[in-house]
Protein chains: 2
Amino acid sequence: MAIKESQTDVLIIGAGPSGLMCATWLARCGIPFRIIDKRSNEVFAGQADGLQSRSLEIFKSFSEPAFDFATLDQSWKMANHVIDMCFWSPDETGKLIRNSRVADTIPGISRYTESVIHQGNVERWFENSIDYFSDGKVKVERPLLPISLKIDTNKATNPQAHAVEVLVTKLNSEAAKPEQYGKVANGLFRAFDGDQEKFYKNIDETNEHDYEVIHAKYVVGSDGAHSWVRKQLNIDMEGEQTDFVWGVLDMVPITNFPDIRNRCAIHSKDSGSVMVIPRENDLVRFYIQLKEVERDPATKADDKQFNGNVDDTKAKTKGRIDRSKITPESILKQAQEIFKPYTIEMTDLSWYTGYQIGQRISPQFSKQNRVFISGDACHTHSPKAGQGMNVSMQDTYNLGFKLALVCKGLAKPEILSTYESERLKVARDLIAFDHKLSRLFSGKPMIPNSDILDGVDMDEFHQVYLEGNKFASGTIVDYEDSLLVSKTGALPVDSNDCTMDQKAAKVPIGRRLNSSNIICQANGQPVHIADRLASDGRFRVLIFPGDVVKYPENLKTLHKFQDCLDSKHFFAKKFTPVNAFANSVIDVITVHGSSRHEVEIFDFPDFTHPLDFKRRCDYWRLYSGVGDTYHEGSVDIYDFYGISKSEGVILVIRPDSHVAQVSQYSIDGLKEVDNYFNNFMIPQTNNVLPTKTSDINDSKRFIQPRLAV
Amino acid sequence: MAIKESQTDVLIIGAGPSGLMCATWLARCGIPFRIIDKRSNEVFAGQADGLQSRSLEIFKSFSEPAFDFATLDQSWKMANHVIDMCFWSPDETGKLIRNSRVADTIPGISRYTESVIHQGNVERWFENSIDYFSDGKVKVERPLLPISLKIDTNKATNPQAHAVEVLVTKLNSEAAKPEQYGKVANGLFRAFDGDQEKFYKNIDETNEHDYEVIHAKYVVGSDGAHSWVRKQLNIDMEGEQTDFVWGVLDMVPITNFPDIRNRCAIHSKDSGSVMVIPRENDLVRFYIQLKEVERDPATKADDKQFNGNVDDTKAKTKGRIDRSKITPESILKQAQEIFKPYTIEMTDLSWYTGYQIGQRISPQFSKQNRVFISGDACHTHSPKAGQGMNVSMQDTYNLGFKLALVCKGLAKPEILSTYESERLKVARDLIAFDHKLSRLFSGKPMIPNSDILDGVDMDEFHQVYLEGNKFASGTIVDYEDSLLVSKTGALPVDSNDCTMDQKAAKVPIGRRLNSSNIICQANGQPVHIADRLASDGRFRVLIFPGDVVKYPENLKTLHKFQDCLDSKHFFAKKFTPVNAFANSVIDVITVHGSSRHEVEIFDFPDFTHPLDFKRRCDYWRLYSGVGDTYHEGSVDIYDFYGISKSEGVILVIRPDSHVAQVSQYSIDGLKEVDNYFNNFMIPQTNNVLPTKTSDINDSKRFIQPRLAV
């Protein structure tokens, strides 16, 4: 009997947050895909827990009002929101005091503040979302282990060819369970991951039924710090090795420390530092630098355990750290020293771990635009800035929609190379930030007006933390000029390190569009513009015609747009398959600058309130950007974006909500928008949708534009 | 074989929104109960759909952050929020114009605006909530038909006696299905409900297994306009008969009418009136007054069909309305006349009905404080103010917690009589409002400056509507002085028709406490005070000590409270069973008037941050009422409630969030609070919780106070 062979558009290897984010995008866009993981499906306490503002924004963008069960936007409801960040360090007498206190998330940077929730919840909400978007057709397949990966270079020129071949095998569940140490769940197996071979030991080579060759157009490796996919691509990690060992405790503390329900960075005089992160269910997470931990000489020079990536020189020569010596009690003991004179005891211990990790980065994120790696597979660093899960998810949030556009035959495969150029820069910035923060966090504090003047300057630490906080929120990630971002004519603005066009003087090009309320013309409902930019795979053209009452010529211009948008040579029709819904590839939304009560919906051209095949009107694409909302204060998105109410503007927004281009509000501006799309989109004028290209509902592939948000 | 006999604390008859609200309360409080319904469990489109502000507040109060599935607070996410209310009527030339436009919900009256969602969703969320709160132990039992009801007057003096006996029988599912007419689901069966006997025809008297005698402490009849329970109690409805027949359509309209996504009242010159209510999924509901509808003489004088309640004189003499003559097309035709010159067509018809209903009210809501009726069983009226489902749910929201307190042995049964006194007044107000509104809505409009001057004055109509809107929101329902409300010393304030105490000059006593943000002292999280007053069966004592930094003596007073609250002769301990959690019956919350950053949590007495049996601290009972929240603006609940920051105040809040008493911030004030509870609570000082009194988890009966909100 021959080994089973099968085809899919995208194969995702690894079902952690990074792989699941990619899967959610593909499911949302109706792309056939599979997602496999070598571990069985037990869910653990602990692991990553911090959700930064941008991740919460992305989660919201995958939510729908009709969801009748918990999906990603449940996170904001269920997670512990972190409000204050408190810095504690010794005063002149060496006594621990609250040195300063700031907002943990910079006010105004996002609708969401940093929040904390157990990774297991996040993964479950992802799985619920995938289930919903794929109509129950896609589930994470586990435990499934990849064995070999080949790219067929002959097929590489055809983006729709199944050019990647991956051999996978089923594991029995027992073999796929992570080891546990003692009674309390812990993450030691993970932090010291070197047990890849454990999986390969458990393959039963005699049973052909357990094997399958998957032919995929594209493969995404989201398989963690010891990535098997990365190894197949012969990409090495670069970066620093480290000797520091950190302990992590999740427990309910009994303490007289007054800031225990706030995020705190505590520098003790002599006993090291602790990061305090308050969590859901009264839990608190502590990150504590441990003093030297014993090593097990029996494990030294055991190269295989490091999966080819030498990230621990000491381990090679002195043996690996002796896991059994890291206990909750030993971690707590260190914490008690740091917290003095405050007392701290432990109850309801829910998880602990020890880890030792370098700041490392992969110099390449992809091979031949066919195989990609994401998340921990391309960058590892300390968890103290709460970035791990976030940047990993944001990697595939960047990649997923591009894969979807290419797999649908809407965009040229060249856009895929922007994944590496955009995310590698983020990873480098992250590593640099983490390196700086770690050094300042781990060092002994300098104590002004005392004899201890050679340590870490707390003011510098605060400053780095605050600067980093902006970056860590994920909201200022800035993508450079490329096929997908056009900064031509825009000016770099030094002070904020971002690029603006004066026509929308507060909208940095390349960054995600910040959100504010707009008001639906048809029903007066205030709605965050971000909620109108759902993650459904569509580009958006946001037309801001200005105040059409005060400047009636602006309304005339808007009526002139109708012909362009009706033309099959112009972006709206040209890049939409002929039997797909209007607005299902490029979604045109108009936000005028007059009071909603001064104009009527039918004053505006048809494209702002189009009829569908049943002659039902789409009321959800014409908004007022200014005025009073009765219940949510007044709104002025023209001011919020720095748009003139006499001049107007046209914004092009990518499917991931990043600002792609800022154009003049005029026919010429609209032609500039057309040019933007011409650079990478594939004309669809004669492209009738195939009746069966996917095992996922076609209605998801080309989105029905009626969205009462 | 003998008929099966069983016991339960409360038997609820009827599983519409009113019965389900009662069930949700009882499940939340851990009371053993059952809920039965004679209909099988098919869910229909249509029926009631309007959710008023107060209902949404109540729904939120039953939600928990940990809910990982859709419950009642899903309503706010999924429902269509109604923003504008537009009044259309003829201008001087007879042409239909938008006469005026106002906020549909009065700004500031609540966190929630009127919203619209299909009743089937609401019922499903109730069932999910009951499932969660009862740990899966209670489900609606259907189809189960009550046959007889007896109150044993000998047992009536003991509140814990199972004094009510109800014989019930199982129906086969087929018999319990409502009839359907044509292919589109409709509500005709319901509006013209007279087919109670249909159920009784289907009883199989030969099978003893199908019968059960339920012995209940209390029975709640939430069984609709033709209430069987009401009939058993020999209570007749009083009120007006009516000849008007209304049609209702739920469909997606195709129209050039610009306000179709807003709530509209449209008075046409000659063709009658229509109420437009935009709904979820692009649906719109139309209430349209129909011209004369044919009657079927064969049905005349068929008394049984009216279930003993003569609500339709014409039907007795001329026969009942011929249901088959009310069609979606006939209703639409009428609408088209009213909308002229605008055109309106229909697609995606999802439901329709015709109804004919009087404004009727039951003079009694209970018998012997043992059997109660609620909802349509005690008041019926037109649906135009969107009140039916809301007032019905609010009836049992009033009753449910009282039953729970009595069944738990915490409160004297006398409190049950406040159900009738409080809700009968609301029903009377509702009927009066509906009577007035209906007359103005149904009449032809007067047209100023024309020759048509004898019709309805549109200005009067708007005025009545606006006045009524306040009432209809459900937020100003005012309960009179009683065992549970103490207005002593407070002054009636004429202009707002409510009663205030100058110590909290903006807190009407007897009304529900309006909500604003407070800031958690421990973690800086802003939280709506209403979310700290969850519907879990507890009374709240809200202590406002004022600005303890500016007035340090106020902090000293707060420390003096500690002894009172520790005393077993004082309310906090006296009315809490000895092995129940602290704060599980009366929840003491402190909201100080200083900036959170000027004080520390440990400056405050222990009762504001108590330790539990594991010495874990409860951080969720000390708040700051003033200051900046970083992300949600600044907060001043002292100003919002009209409380002096030098004087402070103590508020007593009932489990349904109605303000029970306003007392001085002093030991004397605290004693006044003690007196309030002494009037109706039962001392528990020696009352150890029985190990097994219920088939519901005891942890729900006496609430664990740790609630990270």
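# A tour from a cavity to the two-fold axis

Begin by selecting helix α2 of chain A, residues 53-61, which supplies five residues to the lining of the second largest cavity, the largest share of that lining. What you are looking at is a predicted model, and the tour moves from this helix outwards to the place where the two chains meet.

**First stop: the cavity beside α2(A)**

The cavity in question encloses about 150 Å³ of space. Among the 16 residues that line this second largest cavity, those closest to its centre are Arg54(A), Glu57(A), Arg111(A), Ala530(A) and Ser657(A), so display these five as sticks if you wish to find the spot. How does the lining divide into nonpolar, polar and charged residues? There are five nonpolar, five polar and six charged residues in the lining of this second largest cavity. By the rule used here, the model holds 18 cavities of 30 Å³ or more.

**Second stop: the helix itself**

Keep α2(A) selected and colour the helix by accessibility, which will show that eight of its nine residues are buried, leaving the helix mostly covered. The buried residues are Ser53(A), Arg54(A), Ser55(A), Leu56(A), Glu57(A), Ile58(A), Phe59(A) and Ser61(A). To see what covers these buried residues of α2(A), add the surrounding elements of chain A, which include α1 (17-28), β3 (50-51), α3 (74-78), β7 (115-116), α4 (119-133) and α10 (388-407).

**Third stop: Ser535(A)**

Now select Ser535(A), which sits in the loop of chain A between β26 (526-528) and β27 (539-544). Is Ser535(A) buried or exposed? Its relative accessibility is 1%, and Ser535(A) therefore counts as buried, the cut-off being under 20%. The side chain of Ser535(A) makes a polar contact of 2.5 Å with the side chain of Ser61(A), a residue already met among the buried ones of α2(A). A second polar contact, of 2.6 Å, runs from the side chain of Ser535(A) to that of Tyr397(A). If neighbours within four places in sequence are set aside, the residues in contact with Ser535(A) are Trp25(A), Arg28(A), Ser61(A), Phe62(A), Tyr397(A) and Pro655(A).

**Fourth stop: the whole of chain A**

Zoom out and show chain A as a cartoon, where the secondary structure comes to 17 helices and 32 strands. Of the 709 residues of this chain, 63% count as buried. Among the contacts in chain A with a separation of 6 or more, 74% are between residues 24 or more positions apart.

**Fifth stop: the axis between the chains**

Bring chain B into view beside chain A. A turn of 180 degrees, with a shift of 0.0 Å along the axis, lays chain A on chain B with an RMSD of 0.0 Å. That is the relation of a two-fold axis. In chain A, the C-alpha nearest the axis belongs to Phe69(A), and lies 2.2 Å from it. Because 100% of the interface residues of chain A are also interface residues in chain B, the copies meet through the same surface.

**Sixth stop: two residues that reach across**

Select Asp68(B), found in the loop of chain B between α2 (53-61) and α3 (74-78). Asp68(B) is partly exposed, with a relative accessible area of 21%. Leaving aside neighbours within four places in sequence, Asp68(B) is in contact with Ala70(A), Gln74(A), Met78(A), Arg124(A) and Trp125(A).

Next select Tyr630(A), whose place is in the loop of chain A between β29 (622-628) and β30 (634-636). With a relative accessible area of 23%, Tyr630(A) is partly exposed. Which residues does Tyr630(A) touch, not counting those up to four places away in sequence? They are His597(A), together with Ile83(B), Asp84(B), Val102(B), Ala103(B) and Pro107(B) of chain B. With Asp84(B), the side chain of Tyr630(A) makes a polar contact of 2.6 Å, side chain to side chain. Within chain A, Tyr630(A) and Gly524(A) are 106 residues apart in sequence, while their C-alpha atoms are 9.3 Å apart in space.

**Last stop: His215(B)**

Finish in chain B by selecting His215(B), which lies in strand β10, residues 211-221. At a relative accessibility of 15%, His215(B) counts as buried. A polar contact of 2.6 Å joins the side chain of His215(B) to that of Glu5(B). Beyond its neighbours within four places in sequence, His215(B) is in contact with Glu5(B), Ser6(B), Gln7(B), Thr8(B), His162(B), Val164(B) and Glu165(B).

Methods
Residues are numbered from 1 along each chain as its sequence is written. Chains are lettered from A and ligands numbered from 1 in the order in which they are written. This is a predicted model: local features need pLDDT of at least 70, side-chain atom pairs count only at pLDDT 80 or more; totals for chains, interfaces and linings use all residues. Side-chain values use heavy atoms; hydrogens and water are left out. Copies are superposed by least squares on the C-alpha atoms of residues with pLDDT of at least 70 in both. Contact means heavy atoms within 4.5 Å. On a 1 Å grid over the protein atoms alone, a cavity is a set of points where a 1.4 Å probe fits but cannot get out, and a pocket is an open set with protein on both sides within 12 Å along at least five of seven lines; lining residues have an atom within 4 Å of a point. Grid points are joined across faces, edges and corners, and a volume is the space filled by probe spheres set on the points. Helices (H or I, at least four residues) and strands (E, at least two) are DSSP runs, numbered from the N terminus. Ala, Val, Leu, Ile, Met, Phe, Trp, Tyr, Cys and Pro count as nonpolar, Asp, Glu, Lys and Arg as charged, and the others, Gly among them, as polar. Buried means under 20% relative accessible area, exposed over 50%, partly exposed in between (1.4 Å probe, protein chains only). A polar contact is a pair of N or O atoms within 3.5 Å; within protein, one must be able to donate a hydrogen and the other to accept it, and residues adjacent in sequence count only if both atoms are side-chain atoms.
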